[in-house]
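Work through the following exercises with the sequence and coordinates open. Each task is followed by a solution in steps.

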Amino acid sequence: MEVNEAVSEQGRSSFLVALLANLGLVTACSVLPALILAVGFGRFLEHRSDYLGHYLAGCGGTMGVTIVILSVIPARLYPKLASLTILITCIAAVALGAVFESTIYRLAKFDEVDFFNQSLGAVLAACGLHAAWCERKPSVVAVLATVVVSVGLLQAGYHYAFR
Amino acid sequence: MRSANISVSIVLFVSSLLLATGNLWVTAARSTIPLTIDAQLNGKEIRREKHPGMDDVLLITLSDGRTLQVDAPIYVELQEGEQLSKSFGQRSLLHNDEHLTLEWSADVQGMMWNMPLALALCFVLSVVPALRQLFFSSR
């Protein structure tokens, strides 16, 4: 009985450590870099909130889609496919942003700065996800936390782009 | 797989470098400071964006076929039919024998701080897989 309790206690401890490690990786590699650059846009380019909006939208959209795709890669294939998946998803996100910018969001003209800012957000999100999950598959908790963060970034992006 | 990780890191960082440089170039070009111009101003056009009066696109068409997006202080000073002249890097634009002093816009000044910040973040995140390989390569 005592042995079972000790094993159970050890299991709980290791689960807690893994949980904190996953959330720590999400924070250090995805949340903090995204927020630091957002503060930079707000501080240095405060007269153009739409630049911040495009950056946040590119970052949030890419982060959310990529982490969901990473989560469905089979574990045995993960080490082979993760890096390439992150890169291809990032390229697709940048291309999709270019299509949006030249069609439904094209008001006066194709705005290169909007495109660069949203693409920079996409690349930063990809860099963060690659740093955290290029070798180890993200846990369900990490996926959920990243999706929540990405939805928040997308909402903030929409707010600042169109306010 | 490790070399693939490092290759992807390099591609991502180079991409961020290109995007940051593009941001700086496009905003700087709107001041015309890094451009060489020797042409007649054939036309001016204002196109409205999401926030009219704040983010309008101000275009000038030159006799050499180029259409340039310029900053507002330049746009309001120029008149159609004027002969424009300046060399690369010059901080003044000659239009019909008058000198217009050129300044970097708030966009360029903001980008000069924010793009290095973006690059620093991308660089730090890009070297993580390489550092992991260096220090934990025994796994």
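Buried area is the accessible area, taken with a 1.4 Å probe, that two parts lose on being put together, summed over both. The model used here is predicted.

**Exercise 1. Describe the interface of chain A and chain B by area and by contacts.**

Step 1. With that definition, chain A and chain B bury about 3,700 Å² between them. Carbon and sulfur atoms account for 69% of this area.

Step 2. In terms of residues, 42 from chain A are in contact with 43 from chain B.

Step 3. Polar contacts across the interface come to 9 residue pairs, both residues being at pLDDT 80 or more. On the side of chain A that touches chain B, at least two residues each are supplied by α1 (2-44), α2 (49-71), α3, α4 (112-133) and α5. The element that gives the most is α4(A), with 15 residues.

Step 4. Salt bridges between chain A and chain B number 3.

**Exercise 2. Characterise the fold of chain A from its elements, dimensions and contacts.**

Step 1. Count the elements: chain A has 5 helices and 0 strands. Read from the N terminus, the order is α-α-α-α-α.

Step 2. Take the extent along the principal axes: the C-alpha atoms fill a box of roughly 75 × 35 × 20 Å.

Step 3. Look at burial and surface. Chain A has 163 residues, and 47% of them count as buried. Its accessible surface is about 7,800 Å², with 71% belonging to carbon and sulfur atoms.

Step 4. Consider sequence separation. Among contacts in chain A between residues at least 6 apart in sequence, 77% join residues at least 24 apart.

**Exercise 3. Examine the salt bridges of Asp50(A) and Asp114(A), and classify each partner as buried or partly exposed.**

Step 1. Note the total: over all chains the count is 10 salt bridges.

Step 2. Asp50(A) pairs with Arg48(A), and the closest N and O atoms are 2.9 Å apart. The cut-off for buried is under 20% relative accessible area. Asp50(A) has a relative accessible area of 2%, so Asp50(A) is buried. Arg48(A) is also buried, because its relative accessible area is 12%.

Step 3. Asp114(A) forms a salt bridge with Lys50(B), with the closest N and O atoms 3.8 Å apart. A salt bridge requires the nitrogen to lie within 4 Å of the carboxyl oxygen. Asp114(A) has a relative accessible area of 1% and is therefore buried. Lys50(B), with a relative accessible area of 22%, is partly exposed.

**Exercise 4. Find a salt bridge inside chain B and a salt-bridge network that includes residues of both chains.**

Step 1. Within chain B, the side chains of Arg47(B) and Glu45(B) meet in a salt bridge with an N to O distance of 3.0 Å.

Step 2. Partly exposed covers the range between the 20% and 50% cut-offs. Arg47(B) is at 30% relative accessibility, so Arg47(B) counts as partly exposed. Glu45(B) is at 36% and therefore counts as partly exposed.

Step 3. For the network, salt bridges link Lys109(A), Asp111(A), Glu112(A) and Arg30(B).

**Exercise 5. Which residues form the nonpolar patch on the surface, and which element gives the most to the patch?**

Step 1. List the members: Leu96(A), Val99(A), Phe100(A), Ile104(A), Tyr105(A), Tyr158(A) and Phe162(A). Together these residues have about 710 Å² of accessible area.

Step 2. Assign the members to elements. Two or more residues come from each of α3 (78-102) and α5 (140-162) of chain A. The most is given by α3(A), with 3 residues.

Step 3. Check one member. Phe162(A) is found in helix α5 of chain A. Patch residues must have over 30% relative accessible area. Phe162(A) has 38% and is partly exposed.

**Exercise 6. Locate Ser105(B), state whether Ser105(B) is buried or exposed, and name the residues that Ser105(B) touches.**

Step 1. Ser105(B) lies in the loop between β6 (98-101) and α3 (106-135) of chain B.

Step 2. With a relative accessible area of 15%, Ser105(B) is buried.

Step 3. Leaving out residues up to four places away in sequence, Ser105(B) touches Thr27(B) and Asp71(B).

How values were computed: Residues are numbered from 1 along each chain as its sequence is written. Chains are lettered from A and ligands numbered from 1 in the order in which they are written. This is a predicted model: local features need pLDDT of at least 70, side-chain atom pairs count only at pLDDT 80 or more; totals for chains, interfaces and linings use all residues. Side-chain values use heavy atoms; hydrogens and water are left out. Patches are made of residues with over 30% relative accessible area and no salt bridge: like charges are joined within 9 Å, nonpolar side chains (Val, Leu, Ile, Met, Phe, Trp, Tyr) within 5 Å. Accessible areas come from the Shrake-Rupley method with a 1.4 Å probe; for residues, only the protein chains shown count as cover. Helices (H or I, at least four residues) and strands (E, at least two) are DSSP runs, numbered from the N terminus. Buried means under 20% relative accessible area, exposed over 50%, partly exposed in between (1.4 Å probe, protein chains only). Contact means heavy atoms within 4.5 Å. A polar contact is a pair of N or O atoms within 3.5 Å; within protein, one must be able to donate a hydrogen and the other to accept it, and residues adjacent in sequence count only if both atoms are side-chain atoms.
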